[in-house]
Amino acid sequence: ASDLATSPELRSLDGVVQAAEAELRSARLAYLPDVVVQGMVEQPRDGMEPTTWGMMIGVSLPVFWLSKQDELRAAALDERRAALADKETLTNRLATELTDARQQFH
């Protein structure tokens, strides 16, 4: 098993699985509203008026969030499943090749 963990092909697929899991986390977060915080400071050029400042907080709710985000999440979930299946297939193939090589050696 440790021989397989160092395989470049398997490590490459680990990266694909991690990217798919990150995409799935991002898709799950798409259900949440966006929060925006803005600040501003205005200094008049002539110095006659006082400096003004302000702050604004806004929330944007996703439009059609059920239909859009569900499809995004489903696609990310399918991509993760495919990456995990590819990793399992490669792991099985490498284990078979390793076992075959050991048997031929003996």
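## Starting on helix H3

Let's begin with a single residue: Leu84 lies in helix H3. Keep in mind that what you are looking at is a predicted model. Is Leu84 buried, exposed or somewhere in between? With a relative accessible area of 36%, Leu84 is partly exposed, because that value sits between the 20% and 50% cut-offs.

Now find Val17 in the structure. Along the chain, Leu84 and Val17 are 67 residues apart, yet their C-alpha atoms are separated by 6.3 Å.

## The whole chain

Time to zoom out. The chain has 3 helices and 2 strands, and from the N terminus on the elements run α-α-β-β-α. The radius of gyration is 26 Å, well over the 13 Å that the globule rule gives for 106 residues, so the chain is more spread out than a compact globule. You can picture that with a box: taken along the principal axes, the C-alpha atoms fill roughly 95 × 35 × 15 Å.

How much of the chain is buried? Buried residues make up 13% of the 106 residues. The accessible surface comes to about 8600 Å², and 57% of that belongs to carbon and sulfur atoms. As for who touches whom, take the contacts between residues at least 6 apart in sequence: 66% of them join residues at least 24 apart.

## A core of leucines

Which residues make up the largest nonpolar core? There are 5 in all: Leu4, Leu10, Leu13, Leu90 and Leu94. Two elements give two or more residues to this core, namely helix H2 (8-29) and helix H3 (65-105). Here's a handy bit of background: in soluble globular proteins, nonpolar side chains tend to be buried together.

Leu13 is a good one to click on. Leaving aside its neighbours within four places in sequence, Leu13 is in contact with Asp86, Lys87 and Leu90. Leu90 is another member of the core, and Lys87 is about to come up again in a salt bridge.

## Three salt bridges

The structure holds 3 salt bridges. In one of them, the side chains of Asp14 and Lys87 meet, with 2.7 Å from N to O. Asp14 lies in helix H2 and Lys87 in helix H3, so the pair ties together parts that are 73 residues apart in sequence. Both ends are partly exposed: Asp14 has a relative accessible area of 25%, and Lys87 has 27%.

What about the other salt bridges? Asp78 pairs with Arg81, their closest N and O atoms being 3.3 Å apart. Both residues lie in helix H3, 3 residues apart, which is about one turn of the helix. Asp78 counts as partly exposed at 44% relative accessibility. Glu97 pairs with Arg93, and here the closest N and O atoms are 2.8 Å apart. Glu97 and Arg93 also both lie in helix H3, 4 residues apart, again about one turn. Each is partly exposed, with Glu97 at 42% and Arg93 at 40%.

## A nonpolar patch on the surface

Not every nonpolar side chain here is tucked away. Val35, Val37, Val41, Trp53, Met55, Ile57, Val59 and Leu61 form a nonpolar patch on the surface. Together these residues have about 970 Å² of accessible area. Strand S1 (34-42) and strand S2 (52-60) each supply at least two residues of the patch, and the largest share, 4 residues, comes from S2.

Ile57 makes a nice example from this patch. Ile57 lies in strand S2. Why does Ile57 count as exposed? Its relative accessibility is 57%, and exposed means over 50%, so Ile57 passes the cut-off.

## Pro62, between S2 and H3

One last stop. Pro62 is found in the loop between S2 and H3. At 21% relative accessibility, Pro62 counts as partly exposed, because buried means under 20%.

Which residues does Pro62 touch? Not counting residues up to four places away in sequence, Pro62 touches Ala30, Tyr31, Leu32, Pro33 and Gln69. Look at Pro33 in particular: Pro62 and Pro33 are 29 residues apart along the chain, while their C-alpha atoms are separated by 6.2 Å.

How values were computed:
Residues numbered from 1 in each chain as written. Predicted model: local features only at pLDDT ≥ 70, side-chain atom pairs only at ≥ 80, totals over all residues. Heavy atoms only, no water. Core = buried A, V, L, I, M, F, W, Y, C linked by side-chain atoms within 4.5 Å. Buried < 20%, exposed > 50% of the residue type's maximum accessible area, 1.4 Å probe, protein only. Contact = heavy atoms within 4.5 Å. Patch = residues over 30% accessible without salt bridge, like charges linked within 9 Å, V, L, I, M, F, W, Y side chains within 5 Å. Areas by Shrake-Rupley, 256 points an atom, 1.4 Å probe, with all protein chains shown as cover. Salt bridge = Lys/Arg side-chain N within 4 Å of Asp/Glu carboxyl O. Rg over C-alpha atoms; globule rule 2.2 N^0.38 Å.
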